[in-house]
Amino acid sequence: MPRFGRCLPFLWSYQKKHIKLLTAIFHAEHFPLPNGFTDEDVDLHAPPLFTDSFWLKYLHDMTIHALSGYGISFSVSVRRDLRDYYHQCNLDAMEVYNRSLDLLLAKNLYVPAPYFLNPKKQEPITDLSYALDFVGKQRLLNTTEAGNIYFNLRKSMATKALLIAFKQVSKRKDVKKVMETGLDVAHKHIELYSSIMHEENLHTPPLLDNEITTSTHAPFSEKLMTFHAGAMFKVAITYYATAMTTSMRLDIVGHCEACILRDLKVAGRCSEVMIKNGWIEKPPEASDRKQM
C-alpha cells in the first residue's frame with residue numbers, strides 16, 4: 001500500500017514535534033521525564049505482524065481516541081502554553097483523521113455504519129414502553145443505539161485482532177494469560193452485539209483476524225503489548241459508558257453495564273502484570289503532611 005507508506009513520515013514528524021514540546025515543558029518545570037517506551041520496546045527488524053490495511057484502520061481508530069483525549073485535556077487546562085499545545089494536538093489529530101479516512105475510502109477499505117431511511121415526519125415519544133419495555137418483543141433500534149453498537153463493535157474487533165497477534169508472539173506465560181482473558185471478553189462482546197444487529201438485519205463491521213500474519217517474532221516488547229492491551233479495554237469502558245447514557249432501550253443499557261464490568265476486570269489484570277514486572281511508573285502523589 002504505497003500511499004499508506006507515504007503517510008508515515010508526516011505522522012512521525014507530528015510525534016517528534018509533540019515529544020519535543022512536552023520535553024521542554026517538563027524541563028521548564030524541573031519535572032523528571034517519564035521513561036515511557038524506548039527503542040528497546042520496538043524491534044524495527046521484525047517481520048510484519050499485521051497487513052498494511054490493518055495498520056491503516058488501526059491508525060484511523062487510534063486517531064479517534066486521540067481526538068477525545070486531547071479535547072478533554074484542552075478543556076481542563078488553565079495555563080495558556082498547555083492550551084496552545086492541546087489546541088495544536090487537536091489540529092494535528094484532525095489532519096491525521098482526514099488523511100487516514102480519505103485513504104480508507106480511496107482503497108474501498110472503509111465500511112460505514114448502517115444507513116437508516118429518512119423519517120417522513122418528526123414524532124414525539126408518547127409511550128413509556130419506548131424506553132422501559134422489558135417484557136415481550138423489544139422495539140427496533142434507533143439510529144443512536146445502532147451507531148453506538150456499530151462503533152463499539154469496530155473497537156472490539158480491532159482489540160480482538162491485537163490480542164490474537166500479541167498472544168501469538170508473546171514468550172511470557174503471564175502476558176499470554178492476560179491476552180487469553182481479554183480475548184474471551186472481546187469475543188463475548190462481539191457475539192452479543194453482532195446478534196443484536198443481525199436480528200434487525202443490520203450489518204456489522206468485518207472481523208480483522210485475517211489481517212494478522214503468521215509471524216511469531218515479536219515486534220514489540222512484552223511491556224508495550226501488555227500496556228496497549230490494558231489501554232484498549234480502558235478506552236472501551238468510556239465508549240460503553242457513552243452508549244449506556246445515550247441509549248433508551250433498557251436491554252442495551254444493561255449490556256453496556258455488564259461490558260464495562262468485564263472490561264474493568266481485564267484492565268485490572270493487565271495492571272497486575274504491569275505492576276508485578278515493574279513496568280508502571282508511579283505518578284506524582286500528594287505531599288504526606290502527617291510525615292512532615
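## A salt bridge between two loops

Glu 29 is partly exposed, at 45% relative accessibility. This value, like the rest of this report, comes from a predicted model. Which residue does Glu 29 meet in a salt bridge? The partner is Arg 79, with N and O 2.7 Å apart. The two residues come from distant parts of the chain, 50 residues apart. Glu 29 sits in the loop between H1 and H2. Arg 79 sits in the loop between H2 and H3.

Arg 79 is also partly exposed, with a relative accessible area of 36%. The pair does not stand alone: Asp 81 joins Glu 29 and Arg 79 in a network of salt bridges.

## Helix H3

Helix H3 covers residues 80-106, which makes 27 residues. From first C-alpha to last, H3 reaches 39 Å. That is close to the 39 Å expected at 1.5 Å a residue. After H3 comes Asn 108, with a positive phi near 55°.

Which residues of H3 are buried? Among them are the tyrosines Tyr 85 and Tyr 86, and the leucines Leu 101, Leu 103 and Leu 104. The list also includes Cys 89, Asn 90, Ala 93, Val 96 and Ser 100. Cys 89 has 1% relative accessibility. Asp 92 is buried too, with a relative accessible area of 4%.

## More salt bridges

The whole structure holds 14 salt bridges. One of them joins Asp 92 to Lys 17, with the closest N and O atoms 3.0 Å apart. Asp 92 lies in H3 and Lys 17 in helix H1 (residues 2-28), so this pair ties together parts 75 residues apart in sequence. Lys 17 is partly exposed, at 30% relative accessibility, whereas its partner Asp 92 is buried.

Another salt bridge brings together the side chains of Glu 200 and Arg 249, at 3.2 Å from N to O. Glu 200 belongs to the loop between H6 and H7, and Arg 249 to the loop between H7 and H8, so the bridge ties together parts 49 residues apart in sequence. Are these two residues buried or exposed? Both Glu 200 and Arg 249 are buried.

## The nonpolar cores

The largest nonpolar core has 31 residues. Phe 50, Phe 54, Leu 162 and Met 179 have the most contacts inside it. Five helices are listed as giving two or more residues to this core: H2 (52-76), H5 (143-169), H6 (173-199), H7 (222-246) and H8 (250-276). H5 gives the most, with seven residues.

What does Phe 50 touch beyond its neighbours within four places in sequence? Its contacts include Ala 161, Leu 162 and Ala 165. Phe 50 also meets Trp 55, Glu 211, Ile 212 and Thr 213. A second core, separate from the largest, has 20 residues. Ala 146, Ile 190, Tyr 240 and Cys 259 are among them.

## Cysteines

How many disulfides does the structure contain? A search of the whole structure finds zero. A disulfide is a covalent bond between the sulfur atoms of two cysteines. Cys 270 shows the distance problem: the closest cysteine sulfur, in Cys 259, is 17 Å from its own, too far for a bond. The cut-off for a disulfide is 2.5 Å between the sulfur atoms. Cys 270 is buried, with a relative accessible area of 3%.

Note on methods. Residues are numbered from 1 along each chain as its sequence is written. This is a predicted model: local features need pLDDT of at least 70, side-chain atom pairs count only at pLDDT 80 or more; totals for chains, interfaces and linings use all residues. Side-chain values use heavy atoms; hydrogens and water are left out. Helices (H or I, at least four residues) and strands (E, at least two) are DSSP runs, numbered from the N terminus. The expected span of a helix is 1.5 Å times one less than its number of residues. Buried means under 20% relative accessible area, exposed over 50%, partly exposed in between (1.4 Å probe, protein chains only). A nonpolar core is a set of buried Ala, Val, Leu, Ile, Met, Phe, Trp, Tyr and Cys residues joined through side-chain atoms within 4.5 Å. Contact means heavy atoms within 4.5 Å. A salt bridge is a side-chain nitrogen of Lys or Arg within 4 Å of a carboxyl oxygen of Asp or Glu.
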